[in-house]
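I opened my notebook to keep a short record of what I looked up in this model. Here is the structure I had in front of me, followed by my entries.

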Amino acid sequence: MWLDLLILSTLSQNGIMRYKELQQAVPDISQKMLSGTLKRLVEDKLINRKMYNEIPPRVEYSLTKTGKDLMPAVGMMIEWAQAHFEEITAE
């Protein structure tokens, strides 16, 4: 869930991004985790995946209208997590 929010937030801030750009923007994420998360977000219709018929292939990701509409709620969740970070991470 946190990874979904991070990717949505990153796309909201940067607009259209390619896979490699997302991988660089999200620290310490494996290819498998990023690929799976992007696939799920596309299936949930929160992000668009646009593939260009080029060599080498080019794929771009961006927020859908539904994804953009979700961003105020995502922002509130991120603010809440930042405000409660210490108690959330305390053992």
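**Entry: first look**

I started with a reminder to myself that this is a predicted model. I looked up the helices and strands before anything else. Helix H1 covers residues 2-14, helix H2 covers 19-25, and helix H3 runs over 31-43. Helix H4 takes in residues 65-83. For the strands I noted E1 at 17-18, E2 at 47-52 and E3 at 58-63.

**Entry: the sheet**

In what order do the strands of the sheet lie? I found E1-E3-E2, in an open sheet of 3 strands with antiparallel pairing. E1 and E2 are the edge strands, and each has a single partner, so one side of each has no neighbour in the sheet.

Next I looked at the pairing of E2 with E3. The two strands run antiparallel and are joined by 6 bridges. I picked out two of the partnerships: Arg-49 is matched with Tyr-61 of E3, and Ile-47 is matched with Leu-63 of E3. A hairpin through 5 residues connects E2 to E3.

I then asked myself what packs on this sheet. Helix H1 does, and it touches E1, E2 and E3. The direction of H1 makes about 95 degrees with that of E3.

**Entry: a cis bond in the hairpin loop**

While I was at the loop between E2 and E3, I checked Pro-56, which lies there. The peptide bond from Ile-55 to Pro-56 is cis, and its omega is near -5 degrees. I wrote this one down because most peptide bonds are trans.

**Entry: two helices crossing**

How are H1 and H3 set relative to each other, parallel or perpendicular? Their packing angle is about 75 degrees, and their axes are 10 Å apart. An angle of 65 to 115 degrees counts as roughly perpendicular, and so H1 and H3 are roughly perpendicular to each other.

I listed who makes the contact. From H1 come Leu-3, Asp-4, Ile-7 and Leu-8. From H3 come Met-33, Leu-34, Thr-37, Leu-38, Arg-40 and Leu-41. Sorted by class, this contact has 7 nonpolar, 1 polar and 2 charged residues.

**Entry: salt bridges**

How many salt bridges does the model have? I got a count of 4. One of them caught my eye right away, since Arg-40 and Asp-4 had already turned up in the contact between H1 and H3. Arg-40 forms a salt bridge with Asp-4, and their closest N and O atoms are 2.6 Å apart. Arg-40 belongs to helix H3 and Asp-4 to helix H1, so this pair ties together parts that are 36 residues apart in sequence.

Is each partner buried or exposed? Arg-40 counts as partly exposed at 35% relative accessibility. Asp-4 counts as buried, because its relative accessibility is 11% and the limit for buried is under 20%.

I followed Arg-58 next. The side chain of Arg-58 meets that of Glu-54 in a salt bridge, at 2.9 Å from N to O. Arg-58 also has a salt bridge with Glu-60, again listed at 2.9 Å from N to O. Glu-54 is partly exposed, with a relative accessible area of 35%, whereas Glu-60 is buried, with 15%. Through shared partners, Glu-54, Arg-58 and Glu-60 are joined into one network.

**Entry: positive phi values**

I also looked for residues other than glycine with a positive phi. Most residues other than glycine have a negative phi, so I was curious where exceptions would sit.

Asp-28 is one of them, with phi near 55 degrees. Asp-28 lies in the loop between H2 and H3, and is exposed, with a relative accessible area of 83%.

Lys-45 is another, with a phi of about 60 degrees. Lys-45 is in the loop between H3 and E2, and counts as exposed at 59% relative accessibility.

**Entry: one last distance**

I finished with Ile-78, found in helix H4. Ile-78 counts as partly exposed at 28% relative accessibility. How far apart are the C-alpha atoms of Ile-78 and Ile-29? They are separated by 19 Å, and the two residues are 49 residues apart along the chain.

Methods: Residues are numbered from 1 along each chain as its sequence is written. This is a predicted model: local features need pLDDT of at least 70, side-chain atom pairs count only at pLDDT 80 or more; totals for chains, interfaces and linings use all residues. Side-chain values use heavy atoms; hydrogens and water are left out. Helices (H or I, at least four residues) and strands (E, at least two) are DSSP runs, numbered from the N terminus. Buried means under 20% relative accessible area, exposed over 50%, partly exposed in between (1.4 Å probe, protein chains only). Axes are lines fitted to C-alpha atoms, for helices over the stretch in contact, and angles run from 0 to 180 degrees between N-to-C directions. Angles under 35 degrees count as roughly parallel, over 145 as roughly antiparallel, 65 to 115 as roughly perpendicular and the rest as oblique. Contact means heavy atoms within 4.5 Å. Ala, Val, Leu, Ile, Met, Phe, Trp, Tyr, Cys and Pro count as nonpolar, Asp, Glu, Lys and Arg as charged, and the others, Gly among them, as polar. Two strands pair if DSSP finds at least two bridges between them.
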